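Trainee: I would like a close look at a single part of this model, the protein surface that faces the nucleic acid. Please go through it residue by residue.

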Amino acid sequence: MAYWLIKSEPDAFSWDEQVANDVEPWTGVRNHQAKKNLAGMKVGDRAFFYHSNVQRAIVGVVEIVREAYPDPTADSGNWVCVDVKTVGPMPSPVTLADIKQDEALADLALVRQSRLSVCPVSAEHWQYLCRMGGWSGD
DNA sequence: GCCAACGTTGGC
DNA sequence: GCCAACGTTGGC
């Protein structure tokens, strides 16, 4: 299974809303690199839910429950979205500042390509970040 | 096919 | 609010 990180501006769609909705179509991605990553997601993959802009921290974990299908919010072009399901909140959110000052995470896509809204996370980095956030779930 | 201009994203 | 990074557009 693969791991990912998806970004959302809390003003547009927050973790609280994700928890309330439980399953949410992840729409609105309009970047080819991000689209490629969406298309590579499989059911059962896990993703960090990251708040960009205001809070800048990993605040929760979601699971992919539906693989890439045409984004209904796209008026043109063949953009895709996936459905994600709430798994649980990070016991202590991992902030971007924490990530940036840790050498082991220097080549995280989140750091290297700050504008990419859907990025892959290696298994090593996933486990590392889970430890930082106090995530003890499976 | 190159490059300048412009728009958007996101960190600070 | 500013700026850097990056994507897109359009003139040539």
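Mentor: What follows covers the surroundings of each DNA strand and then two residues with unusual backbone angles. The model is predicted.

Start with DNA strand B. The residues around DNA strand B are Lys7, Glu9, Ser52, Asn53, Arg56, Leu96, Ala97, Lys100, Ser114, Arg115 and Ser117. Sorted by class, this surface holds 5 charged, 4 polar and 2 nonpolar residues. The element that gives the most to the surface near DNA strand B is helix α3, residues 96-100, with 3 residues.

DNA strand C has His32, Gln33, Gln113 and Arg115 around it. By class, that surface has 3 polar residues, 1 charged and no nonpolar. Arg115 is listed for DNA strand B and also for DNA strand C.

Asn53, one of the residues around DNA strand B, deserves a second look for its backbone. Most residues other than glycine have a negative phi. Asparagine 53 is not a glycine, yet its phi is positive, about 70 degrees. Asparagine 53 sits in the loop that runs between β3 (46-51) and β4 (57-70). Is asparagine 53 buried or exposed? Asparagine 53 counts as exposed because it has 11 C-beta neighbours inside 10 Å, and the cut-off for exposed is 12 or fewer.

Aspartate 22 also has a positive phi of about 70 degrees without being a glycine. Its place is the loop between α1 (15-21) and β2 (23-26). Aspartate 22 is exposed, with 11 other C-beta atoms within 10 Å.

Note on methods
Residues are numbered from 1 along each chain as its sequence is written. Chains are lettered from A and ligands numbered from 1 in the order in which they are written. This is a predicted model: local features need pLDDT of at least 70, side-chain atom pairs count only at pLDDT 80 or more; totals for chains, interfaces and linings use all residues. A residue is near a molecule or strand if its C-beta atom, placed from the backbone, lies within 6 Å of it. Ala, Val, Leu, Ile, Met, Phe, Trp, Tyr, Cys and Pro count as nonpolar, Asp, Glu, Lys and Arg as charged, and the others, Gly among them, as polar. Helices (H or I, at least four residues) and strands (E, at least two) are DSSP runs, numbered from the N terminus. A residue is buried if 20 or more other C-beta atoms lie within 10 Å of its own, exposed if 12 or fewer, and partly exposed in between; C-beta atoms are placed from the backbone.
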